[in-house]
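Trainee: Please give me a close look at the paired aromatic rings and at the segment around them. I would also like to know how that segment is placed with regard to the openings and the interior of the chain.

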Amino acid sequence: MSKFLSFEFWNTVARTILRNRILILILIFAATVFLASQWKNMRFSYTEANLLPDDDEINLQYQEFLDKFGEEGNLIVMAVNDPSLFTPEKFKAWNELAQELKSYPEVDFTVSIADLKKLEKFEDPGRFEMVPFIAEPDPDSIQVSAYRKELVDSLPFYEGLVYSKKSNTVQSAIYLKKDIVNTEIRRDFVVEELIPLIEKFEEENDLNVYVSGMPYIRTLNSQNIIDEIGLFIGAALLVTSLIFFFFFRSFRATLISMFTVIIGVMWAFGVLGLLHYEITVLTAIIPPLIIVIGIPNCIFLINKYQQEIKKHGNQAKSLQRVITKVGNATLMTNLTTASGFATFILTESTLLKEFGIVASINIIAIFVLSLLIIPIIYSYMRVPKQKHLKHLNKRWIGGFVDWMERMVRHHRISIFIISILLLIASIIGIYTIRISGSLLEDMPKSAGFFKDIEFFEEEFDGVMPLEILIDTQREKGVMKLSTLKRMEELQQLLAEEEELSDPLSVVNLVKYSKQAYYNGNPKYYQLPTSQEQNFILPYAKDLGSDGTNILNTYVDSTGQYARMTTFMKDIGTEEMERIEEALWPKIKKIFPEERYQVEMTGKALIFQKGTNYLVKNLVISLSLAIFLIALLMAWMFKSWRMIVISLVPNLLPLLVTAGMMGYLGVPIKPSTILVFSIAFGISVDDTIHFLAKYRQELKANNWKIKRSVYAALRETGVSMFYTSIVLFFGFSVFMISSFGGTVALGGLVSATLLFAMLSNLLLLPALLLSLEKEIANKEVLKEPAIDIISEEDEFLEKRRKRKTKSK
């Protein structure tokens, strides 16, 4: 009964679509216009991806840090490594560049040679004053040399801030206003003001300026994402249209399909705007993903239409049968694909949740668009000519199907042996996979800003801030000498780590105050003694009296919380965990937990912890995808044996891909974690098509196994091959990206889908033939809850018999 209801339902859908063509086209046009109007709400992400749940302890600690000190990623650094900088003309130009940047409203303050102040002691009356480091506005070569010598030899406070002793590199630090760091204003400043200004300076002074810092890196990285969206969409349309035309040899069919998926892309952007989601490195791949997934829908529908035309030449009947016969199959395959993406909705990560919501909504949307647009457009066009149907008789496709049949018929043992060997090799490879939580690993290595990152890692030991928040548990506790000594001990501990830079904190300010008290003698760059503290510590506050707020950068307004900043090299999760494991026991010894509370935080650390969170949830997410799809197949086939058999050829490709990642050195990271759920949701579509046809052939062939398997293989092999090739080359488009994670995603999904196609066309039929006694009976293959591939002739025949009996 459910079968007749299913057929009647799709028959009603077909009649509704074809009888209300104008109305449906108007509704699609209206929906497209509405969603296009939501594009104005699209926002590009101006911060790093936060993969952790909002209520995670690491996130809460970071939020506490922001409440005390504001946004930490507001530092941009410019550096020059050229001895000719210390000539009067270039030295003056460098200082003028810093002064000009200071005048911009987006800049809070700068720290450069031009901004340096020296704390000097004066007599009559006795006092300390901050005086400019550069006394003369136009120094000559002798004065410039003197400044250089004094900077390197006498001002250790500015080492790491303004110069590097390694190669006498000089840098300027630009602190942006914290309230604009995560906004479009930051992007406009970097792209439209900072970069042109630096390029002009380089050209006029023949100097190479290195630029880095998280605001700068994030801006150019976001710009790369924006640029690549158009590249991906164009490449996906080009590749899929070429493959589509190669298969169908029809400009008309190709253009109709392209029109359909372009509408789908417009809807995808509209959904992003409607939900007010940011465009991140993940959501940026959804529009081209819709193209890649939407084309197989078009292939099924157009291929079926042309087959029906070839049978009887009746256009109306052909369009009716396209919707009726292919509707269920494409609905089920799109549901399984959407389920693979929808599992991300159940994670606690906002980034993945948004990706899952938008992707699953638009996969269903592209199915609806395909089902509506293609039959309606064809209904207004002439019946395809014979030349448009030639592709249905391609010899090379027949040769491929013959090869598959020979393999399944005569080499089943070989198929099983190869599958087992692949499984063993994959398991070995899986044990060699490493985890990477690097914030910079996926960034384009060929980009100029990435080469600048490498320069700063070499000269200043990194650009990614790692923050340590110290709570003294009492007001003004930071400036107590006992606390400062503990902080100095911690700084020495951090400086011993090769992957971390020398830390910056209020300790540096206090040391500089003592040096100034002793007439700038660098040997006194140290913490004051207990006798000296009362008359030296107050002068540390004078370092921020000129408006640079240096003291407020490292101590909160109550004096209870201190901030210590170090910079990390681009290290992975495992290395960072090793550093943390070594540091924490020593930190707790320096700062007893009953008197102090110490937290380690920062964007880079959050990203690494987020990677660990994703890895832990990978198994849960994938298991959920498998469970949902198994549930769907249980509803369709009502047989647990068929569920097990259908999952085997889809899980093997996932294991093979994981093994490949181990052997090729591709780490588990946020981008590659997506591979498994995406590939599983798509590859199981082939299984559904094959098993649906297999069940149908069993009934038609009186439960004769071999005949049914081979018939299903020949019938579904061509369409599975077509769609798999489109998906393979479609996902390969992502490999043109400059982002390592996107390249890995495209390559791994493509490889997985290729393995899945072969697994479903070889291993699945082989399993059915080898286990025929266990599965090939009416009890195992009960009548499904829904009819995947409707048989109108069978329906009409049964209805005719019922009428005959009633008479």
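**Aromatic pairs and their surroundings**

Mentor: The count comes to 17 aromatic pairs, where rings of Phe, Tyr and Trp (its six-membered ring) pair if their centres lie within 6.5 Å, with planes under 30 degrees apart called stacked, over 60 edge-to-face and the rest tilted. One of them joins Phe245 and Phe251, a tilted pair with 4.6 Å from centre to centre and 35 degrees between the planes. Tyr518 and Tyr524 make a stacked pair, 4.2 Å centre to centre and with 20 degrees between the planes. Before we go on, note that this is a predicted model, in which local features need pLDDT of at least 70 and side-chain atom pairs count only at pLDDT 80 or more, while totals for chains, interfaces and linings use all residues. Residues are numbered from 1 along each chain as its sequence is written, and side-chain values use heavy atoms, with hydrogens and water left out.

For exposure, buried means under 20% relative accessible area and exposed over 50%, with partly exposed in between (1.4 Å probe, protein chains only). Phe251 counts as exposed because its relative accessibility is 63%, whereas Phe245, at 26%, is partly exposed. In the stacked pair, Tyr518 has a relative accessibility of 25% and so is partly exposed, and Tyr524, with a relative accessible area of 26%, is also classed as partly exposed. Ring pairs also link Phe157, Tyr158 and Tyr512 into a cluster.

Phe157 leads us to Asn508, which has its place in helix 16 (residues 506–517); helices (H or I, at least four residues) and strands (E, at least two) are DSSP runs numbered from the N terminus. Asn508 is buried because its relative accessible area is 10%. With contact taken as heavy atoms within 4.5 Å, and leaving aside neighbours within four places in sequence, Asn508 is in contact with Phe157, Gln491, Pro503 and Tyr525. Asn508 and Leu484 are 24 residues apart in sequence, and their C-alpha atoms are 9.8 Å apart in space.

Leu527 lies in the loop between helix 16 and helix 17 (533–540), and its C-alpha is 8.6 Å from that of Asn508, although the two are 19 residues apart in sequence. Leu527 counts as buried, since its relative accessibility is 9%. Neighbours within four places aside, Leu527 is in contact with Leu484, Lys485, Glu488, Val507, Val510, Lys511 and Lys514.

Next comes the largest pocket, which has a volume of about 950 Å³. Its lining has 50 residues, and the closest to its centre are Glu159, Gly160, Asp502, Pro503 and Leu504; Pro503 is one of the contacts of Asn508. The grid behind this has a 1 Å spacing over the protein atoms alone: a cavity is a set of points where a 1.4 Å probe fits but cannot get out, a pocket is an open set with protein on both sides within 12 Å along at least five of seven lines, and lining residues have an atom within 4 Å of a point. Grid points are joined across faces, edges and corners, and a volume is the space filled by probe spheres set on the points. Helix 15 (residues 481–495) gives the most to this lining, with four residues. By class, the lining has 22 nonpolar, 15 polar and 13 charged residues (Ala, Val, Leu, Ile, Met, Phe, Trp, Tyr, Cys and Pro count as nonpolar, Asp, Glu, Lys and Arg as charged, and the others, Gly among them, as polar).

For the wider setting, the chain has 26 helices and twelve strands, and buried residues make up 59% of its 807 residues. Of the contacts in the chain with a separation of 6 or more, 80% are between residues 24 or more positions apart. A nonpolar core is a set of buried Ala, Val, Leu, Ile, Met, Phe, Trp, Tyr and Cys residues joined through side-chain atoms within 4.5 Å. The largest such core has 143 residues, of which Phe355, Ile678, Phe690, Tyr694, Phe731 and Leu768 touch the most other members. Helix 11 (residues 350–379) supplies the largest share of this core, 16 residues. Apart from it lies another core, of 97 residues, including Ala79, Ile113, Phe591 and Ala604.
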